[in-house]
Each structure stands twice: as C-alpha cells, then as structure tokens.
Amino acid sequence: MALIDVVEWQPQSNDIFAWRFPHENLSTATQLIVRESQEAVFFSKGQILGKFGAGKHTLSTENLPLLRNLYGIPFGKKNPFTAEVWFVNKAAPLTIDWVTNSVRIMDADYGQMLPIIAKGRYGVKVQDAEKFLVKLVGTLNSFTADQLTDHFMGPLIAKTNSAIVTYMTANHVGVMQISAFLDQLSQYISDPLKQFWDEYGLELTGFYVTSVDLDTSTPDGKKIADAMSDRSAQNIAGYTWQQKQSFGTVNNAVQNSKGGLGMIGAAMMMGGGINGNPGMGSAMMSPTNNGGFAQQQQGGSSAINQKSVVFCSRCGKSFPATNKFCPHCGDPYNPCPVCGRDNDVNAKRCAVCGATLQPMTNNAASGNTCSRCGASVPAGTKFCPNCGNRM
C-alpha cells in the first residue's frame, strides 16, 4: 500500500469545523501542510499523537515522540505508520441561525398568557481542538455547522427559552416592547451559554436575538394577533369595541335582509327611523340594561329617562346613568340625547342610533349642556326642555 507524501486540507467553505484526511498510511517523511486558521491533530490506536499549528511540517519521531512507544520507530530514516489526521477549522463562522419553539409567557402589558417565538444567530469557533474532536466528532468524516446546530438544538432552545421568559418576566417587558431590549436580552442569554460551549472545546464568539414575536402559527396566537390588530385599528379610527359590534349587527341585518323590511330595520337601528323620525327607530330598538334590546313606546320623551344603567364606551362596564364619569375607567359620560347610549367624547354621531351629538368641551365650558341627557340648552333655562332635568 502506497505511503502518503503530502497531507493537507483545502476547504471549499467556512462552515466545516473539522475534516478527516481520507488516508492513514503515513511515514516519518510525510509532509504536513497546515494553513492559517487551521490546526491538525493526529490520532493513532485511540491516543492523540500530537497536534500542529499553521505551517509546513515533516513528520518524525521528534515532533511525534509517541511513535517510538506505539510502533518502535527509531530516529531518522523513512518509517511507515498509520494514523488518522484531523484538520480543525479555527475560524469563526457567524452565520448559524436558530429558532426556538413556541413558549408561553405571562405578558406584562396584557396580563395574559401569550405564545411567543424567538429567532436569532450565533457564532462559535473551535478553541480546544482536542476536546472538540474527542467529545463531538467521533467516527464522522467531517463536522459542519448544520451538524453542530442539529446536535445542540435541544439544549440550545431549552436554555434560550428559559432565559427569554426569565428576562421578560423579571424586567416587566411585554411582547410589544421587547424589540427595544434585544441587545440587553442577547447579552443576558450569551453569558450563561459561554460556559456551556466551553465544555465542548468551543468558544461562543457572538450570540444575537433578532426578534421575539407573538407565535401566530398556533390557533390561540392567531386569535390574539387579530385582537391586537383590531385594538390598534380602533385606537387609530376612534371607535370602541361596543361600536364595532353595533356596526356588525347593522351589516348582518342588511346582508341577511329579504326585501325592504331588512333595510328598514337596519335604518331604524342606525337611527334613521321611519319617515325621517329617528326617535321611532331608536325607541323600537333601545338597548336594555343587560345588553339586549327592548321595545319601547313611540313618543316624544327621550330614552334617557327610561335608562337607569348605561355601559361605558371605553371599558364596556355598566354604571348609573346619573354619573358624569365612568367609575371604572374615568371616561366622561357622553350620552346620546335620543337613546342615552354612552359615546366616545370625540364622536359626532351616536354609534347606536346615529343621532347628532353635541361637542362636550364647548357646551360644558359655556354651561349650556344638560348634565343628564347632554342636550344643548339655551342660556338662562332652568329646566332641560328635552328631559326636564333641573339645570
């Protein structure tokens, strides 16, 4: 069997951590070429014969003294022996991506359990070639970045998930704000991971968390994301959840209508009434205290006089109609002069019956707004002409 004259490794990519030379028939005259950022380690009969750094080396009993003990090779001359030669890449590839599985966390902003998922990138390099080869490589012919990722996926995800949950909980950081803390979070996770990689002869050169997001791949995560989107849209457009439900009820009535009756009912619910009389429509479909609708008699009196409890347009909780502010969230009570339903302070029309609302700020400042029904009252009036309330 022919003896190998030159042993070297010319890697085609930087994502290979270790590579085994395919031949084992060497001699004390074999030339070993080790390039920059490489290290060569010799194994024979289960023992490490020696290791070589960058440069050109001639194998001999001088630089491999164990050859005399294992093979009885004397000094000088060309003596054959067998050994495995491993080349280790000691460069630092920083392109290994990682993704955690879904983990649930009590969110600091919403006070609910939310499913989250994190992504990032890390880089490692071989610090101790002997420890790395003994613990990880085994009988493989090479060891790539993908193999490293697969090998450590379980412990890496477990440690990362635990660290993310601990950091967000301890610092009261919610999913909506975590993007501003990615640098601190990366540092918080990388510190304990350094010792973990050191056990395998590897040095953690960089660890980065690029995103922590709501996991929308799960059914509950998708529902929560939709709810967050609706809430953002409501804040931007200036309508509340209760108003959205009212809009949906009207749309369903129109879509499911057969003939003109459905259209008339929808117009009545929006405050159009019959024959241009908004009071008629609102009276027929006035909301009750338990959130439903009760039929009322047509007449000139306002529905406010018949309401003892209203529901806040901001938080949705009930409070007495005599209150000027919601006792639960402090939102001003902005009653509709026709149906009595509470509306947003910036709303121009009632979300239920469509009646025109008077601006609260100007009228309140001039003292010409009824404290009960919110109707505009001429200056000097002692009793509200709309509801009879004493001014």
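What share of the contacts in the chain with a separation of 6 or more comes from residues 24 or more positions apart? The points below take up this question and then turn to individual elements of the model, which is predicted.

1. Overall character. Residues 24 or more positions apart account for 55% of the contacts with a separation of 6 or more. The chain has 391 residues, and 40% of them count as buried. About 20,800 Å² is exposed by the chain, with carbon and sulfur atoms supplying 52% of that area. The secondary structure consists of nine helices and 18 strands.

2. The sheet with strands 1, 4 and 7. Three strands make up an open sheet of mixed pairing, in the order 1-4-7. Its edges are strand 1 (6–7) and strand 7 (55–58), each of which pairs on one side only. Strand 4 (residues 31–34) runs antiparallel to strand 7, and four bridges join the two. Within this pairing, Gln31 has Thr58 of strand 7 as its bridge partner.

3. The loop after strand 7. Between strand 7 and helix 1 (66–71) there is a loop that contains Ser60. With a relative accessibility of 18%, Ser60 counts as buried, because the limit for that class is under 20%. Apart from neighbours within four places in sequence, Ser60 is in contact with Thr28 and Leu67.

4. Strand 9 and its partners. Strand 9 (residues 84–89) is mostly covered, with five of its six residues buried. Strand 2 (residues 16–20) pairs with strand 9 in the antiparallel sense over three bridges; here Trp19 has Phe87 as its bridge partner. Strand 5 (residues 38–44) also pairs with strand 9 in the antiparallel sense, over six bridges. In strand 9, Glu84 is the residue that stands opposite Phe43.

5. The two sides of helix 2. Which residues of helix 2 (residues 129–137) are buried? They are Ala129, Phe132, Leu133, Leu136 and Val137. Viewed down the axis of helix 2, these buried residues fall within an arc of 105 degrees, so they line one face of the helix. The general geometry is relevant here: an α-helix has 3.6 residues a turn, so residues three or four places apart point the same way. Val134 and Lys135, on the other side of helix 2, are exposed.

6. Lys135 and an aromatic cluster. The exposed Lys135 of helix 2 lies over the face of Tyr200, at 5.7 Å from the ring centre. Tyr200 belongs to one aromatic cluster together with Tyr122, Phe152, Phe196 and Trp197.

7. Aromatic pairs. With ring centres required to lie within 6.5 Å, the count comes to 16 aromatic pairs. One pair is formed by Tyr167 and Tyr188: the ring centres are 5.4 Å apart and the planes stand at 55 degrees, so the pair is tilted. Tyr167 lies in helix 3 (residues 145–170) and Tyr188 in helix 4 (residues 182–198), so this pair ties together parts that are 21 residues apart in sequence. As to cover, Tyr167 counts as buried at 8% relative accessibility, whereas Tyr188 is partly exposed, with a relative accessible area of 37%.

How values were computed: Residues numbered from 1 in each chain as written. Predicted model: local features only at pLDDT ≥ 70, side-chain atom pairs only at ≥ 80, totals over all residues. Heavy atoms only, no water. Phe/Tyr/Trp six-rings, centres within 6.5 Å; stacked < 30°, edge-to-face > 60°. Buried < 20%, exposed > 50% of the residue type's maximum accessible area, 1.4 Å probe, protein only. Lys NZ or Arg CZ within 6 Å of the ring centre and 35° of its normal. Pairing = 2+ DSSP bridges. Contact = heavy atoms within 4.5 Å. Areas by Shrake-Rupley, 256 points an atom, 1.4 Å probe, with all protein chains shown as cover. Arc of directions from axis to C-beta.
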